[in-house]
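The exercises below are meant to be worked through with the sequence and the model open side by side. Please try each task before reading its solution.

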Amino acid sequence: MAAIILSAGVFLGIMDKGGMLESVAKDLLLIIPGHMASEFHIIIGIIGVPLDIFTSTDAYYFALLPIVRDVVASAGIPPADVVYALAIGNNAGTFVSPFSPAVWLAVGIAGVDMGRHLRYSFFWIWLFSFITLAAGWFLGLF
């Protein structure tokens with residue numbers, strides 16, 4: 001685990017110092033409508049659970065979060081707001097992500113297959129994510 005985190009940090013450093021993150025953020029600003037830039041972090045937080053099914057948690061936090069941070073920086077949104085929205089929106093997604101070893105362990109112990117778990121749990125976990133995002137919004141975190 002430590003090697004993965006250190007490798008991800010090196011990868012993020014290379015992408016940041018090489019200008020790749022800024023370039024991707026500028027290209028995204030050309031694609032998304034201008035009025036959405038200030039809410040882009042909330043939109044990504046809302047779809048955080050489905051994104052966790054298609055990306056690993058590492059990819060979400062080490063690749064997607066810096067890009068979203070750079071996109072919303074053009075609208076004057078502080079980086080902490082981006083982290084709160086993306087972390088709250090994605091945190092529950094770990095429990096349905098096929099990239100999480102803990103999910104495979106739990107599914108194996110419960111004696112069900114991953115498909116059955118996803119069919120049952122996905123919408124409940126996504127609903128929980130919406131509730132926690134709403135609580136974060138009411139608390140003024142973003």
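**Exercise 1. Decide whether D70 is buried, partly exposed or exposed, and find the residue with which D70 forms a salt bridge.**

Solution. Begin with the accessibility of D70 in this predicted model: the relative accessible area is 22%. Because buried means under 20% and exposed means over 50%, D70 counts as partly exposed. Next, look for a partner of opposite charge, which turns out to be R69, with the closest N and O atoms 3.2 Å apart. That distance satisfies the limit of 4 Å between a side-chain nitrogen of Lys or Arg and a carboxyl oxygen of Asp or Glu, so the pair is a salt bridge. R69 is itself partly exposed, at 28% relative accessibility. As a last step, count such pairs over the protein: the total is 1 salt bridge.

**Exercise 2. Establish how many helices and strands the protein has, and which element has the lowest mean pLDDT.**

Solution. Counting elements gives 8 helices and 0 strands, so that the order from the N terminus reads α-α-α-α-α-α-α-α. Turning to confidence, the average pLDDT of the protein is 86, and 99% of the residues score at least 70. Among the elements, helix α1 (residues 2-17) has the lowest mean, 75, whereas α8 has the highest, 93. For the overall dimensions, the C-alpha atoms fill a box of roughly 50 × 35 × 25 Å along the principal axes.

**Exercise 3. Locate the largest nonpolar core and state which helix supplies its largest share.**

Solution. The core has 15 residues, and those touching the most other members are F40, I44, V68, V71, V72, V82 and L86. Assigning the core to elements, one finds that α2 (20-31), α3 (40-46), α5 (57-73) and α6 (79-91) each give at least two residues, with α5 providing the largest share, 6 residues. To see the packing around one member, take F40, which, once residues up to four places away in sequence are left out, touches L28, I32, V68, V71 and V72. A second core, separate from this one, has 6 residues, including I53, V96, F122 and I125. In soluble globular proteins, nonpolar side chains tend to be buried together.

**Exercise 4. Determine whether N90 is buried or exposed, and list its contacts beyond four places in sequence.**

Solution. First place N90 in its element, helix α6. Its relative accessibility is 0%, which is under 20%, and N90 therefore counts as buried. Setting aside neighbours within four places in sequence, the contacts of N90 are with G48, D52, T57, Y60 and Y61. For the protein as a whole, 32% of the 142 residues count as buried.

**Exercise 5. Find the residues that make the nonpolar surface patch of about 770 Å², and the helix that gives the largest share.**

Solution. The patch is made by I43, I46, I47, Y120, W124, L127, F130 and I131. Two elements, α3 and α8 (114-138), give two or more residues to the patch, and the largest share, 5 residues, comes from α8. As a check on one member, L127 is found in helix α8 and is partly exposed, with a relative accessible area of 40%; since patch residues must have over 30%, L127 meets that requirement. To set the patch in context, the protein exposes about 8300 Å², of which carbon and sulfur atoms supply 75%.

Key. Residues numbered from 1 in each chain as written. Predicted model: local features only at pLDDT ≥ 70, side-chain atom pairs only at ≥ 80, totals over all residues. Heavy atoms only, no water. Core = buried A, V, L, I, M, F, W, Y, C linked by side-chain atoms within 4.5 Å. Buried < 20%, exposed > 50% of the residue type's maximum accessible area, 1.4 Å probe, protein only. Helix = DSSP H or I, 4+ residues; strand = E, 2+ residues; numbered from the N terminus. Contact = heavy atoms within 4.5 Å. Patch = residues over 30% accessible without salt bridge, like charges linked within 9 Å, V, L, I, M, F, W, Y side chains within 5 Å. Areas by Shrake-Rupley, 256 points an atom, 1.4 Å probe, with all protein chains shown as cover. pLDDT = per-residue confidence, 0-100.
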